[in-house]
Amino acid sequence: MRIQVNLKDNSYLIKIKNHLLDEMLPYVEEVYQGKKIFIVSDDNVFPLYGEKVSKELSKSYEVFHFVLPHGESTKSFHSLPLLYKALTDKGITRSDLIIALGGGVIGDLAGFVAASYLRGIDFIQIPTSLLAQVDSSVGGKVAVDLPEGKNLVGAFYQPKLVLIDPLVLETLPTRFINDGMGEVIKYGCIKDEQLFRVLKSQKNFADLKQYLPDVIANCIDIKRQVVENDPFDKGERMLLNFGHTLAHGIEQYYHYERESHGEAVAIGMYQITRLAEEKGLSPKGSADSILELLNIYGLPHASGIKLAELLPVIKRDKKNINAALNVILLKQIGSSFIYPTTSDFFNSQSITTI
């Protein structure tokens, strides 16, 4: 499958195909005619796929790599000097290429390095987690975290190419499959009732596997449409943040050590829909429908945090524009809207803990 993201001079191809890592070279050669490639990966992914990717690319390029520890804590300023030094040590210039080989953390970090090193160097995304394949590798959001919050320093910097091999998901632990399903469910909630029904008709992820390439393509195509309409996240693209206002707060509350991103998004989607139902902003039963899917795909729906304790993080959310907090709510399953409000939205008589 081929999906083209049309952003004028920043347009790029997303290729989805089983065994793509074994035949990726022609796609890279289409977008890059230089000499050096610098692969950024982590210590979970590189031992599995680093040699294969390096060997394939070495047929046409001089290939270097840098391996970081896995986990959200890597996506910080502490990693940047290490990467910048490695790039300069290998003589990487603006005519060379960075490849992000990994999940969302590596994609965001390597993309930010590409955006900032020498004021910008081309990069390619090769996402190896379900979450990265359906969401974070597409759209050009690159970032690092601050102690005060997630993704608070970043850029909009589009890749030159995204290469997705669904078969790499076979090596993912169950928890990280479930993690990615949090974002898949999000797409069904905000834009695609039919996708929601397909997800709901399965008993578990094993049953869904036969549809997985189509599910990945479906999610990416939704994101493509939204990104093309709003490349800089000032309007419709905010819909992609359904559940994320609470999710980022939950992640930070536990210092990124308890819930994964997809797990936190799952909790955020369910809990913000409960609040919206209470206020008459979303139809009754919407939260229960989301809960059914979370249960099918092994995702949590509660964190045990008091809402009042999350308010300081919520007030720093990137979706705060002109003193208004923009939360994403459901008109119904498959249709969403941006609701400008304030942190008072999270005051509730009956829901005090999420």
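1. In this predicted model, the contact between helices α10 and α13 is formed on the α10 side by Thr245, Leu246, His248, Gly249, Ile250, Gln252 and Tyr253, which meet Leu307, Glu309, Leu310, Val313 and Ile314 of α13. Sorted by class, the residues joining α10 to α13 comprise seven nonpolar, four polar and one charged; Glu309 is among the α13 residues taking part.

2. As to the geometry of that pair, α10 spans residues 244–253 and α13 spans residues 307–315, and the two pack with their axes 9 Å apart at an angle of about 100 degrees. Because angles of 65 to 115 degrees are counted as roughly perpendicular, that description applies to α10 and α13.

3. A second helix pair is made up of α7, residues 193–200, and α12, residues 286–296, whose axes cross at roughly 45 degrees and come within 10 Å. The arrangement of α7 and α12 is therefore oblique, and the crossing of α7 past α12 is left-handed.

4. Which residues bring α7 and α12 together? From α7 come Phe196, Leu199 and Lys200, and these meet Ser289, Ile290, Glu292, Leu293 and Ile296 of α12. By class, this contact of α7 with α12 holds five nonpolar, one polar and two charged residues.

5. On the cysteines, a search through the whole structure returns zero disulfides. Cys189 takes part in no disulfide, and the nearest cysteine sulfur to its own, belonging to Cys219, lies 11 Å away. Seen from the other side, the closest cysteine sulfur to that of Cys219 is in Cys189, and the distance of 11 Å is too far for a bond, given that a pair of sulfur atoms has to lie within 2.5 Å to be counted as a disulfide.

6. Are these two cysteines buried or exposed? Cys189 has 0% relative accessibility and so counts as buried, and Cys219, for which the relative accessibility is likewise 0%, counts as buried too. The cut-off behind this reading is a relative accessible area under 20%.

7. A last point concerns Ser129, which sits in the loop that runs between strand β6 (122–127) and helix α5 (130–136). Although Ser129 is a loop residue, its relative accessibility is 12%, so that Ser129 counts as buried. Leaving aside residues up to four places away in sequence, Ser129 touches Gly102, Gly103 and Gly104, together with Leu169 and Leu172.

How values were computed
Residues are numbered from 1 along each chain as its sequence is written. This is a predicted model: local features need pLDDT of at least 70, side-chain atom pairs count only at pLDDT 80 or more; totals for chains, interfaces and linings use all residues. Side-chain values use heavy atoms; hydrogens and water are left out. Buried means under 20% relative accessible area, exposed over 50%, partly exposed in between (1.4 Å probe, protein chains only). Axes are lines fitted to C-alpha atoms, for helices over the stretch in contact, and angles run from 0 to 180 degrees between N-to-C directions. Helices (H or I, at least four residues) and strands (E, at least two) are DSSP runs, numbered from the N terminus. Angles under 35 degrees count as roughly parallel, over 145 as roughly antiparallel, 65 to 115 as roughly perpendicular and the rest as oblique. Contact means heavy atoms within 4.5 Å. Ala, Val, Leu, Ile, Met, Phe, Trp, Tyr, Cys and Pro count as nonpolar, Asp, Glu, Lys and Arg as charged, and the others, Gly among them, as polar. A crossing is left-handed if the near helix is turned anticlockwise from the far one by less than a right angle, and right-handed if clockwise.
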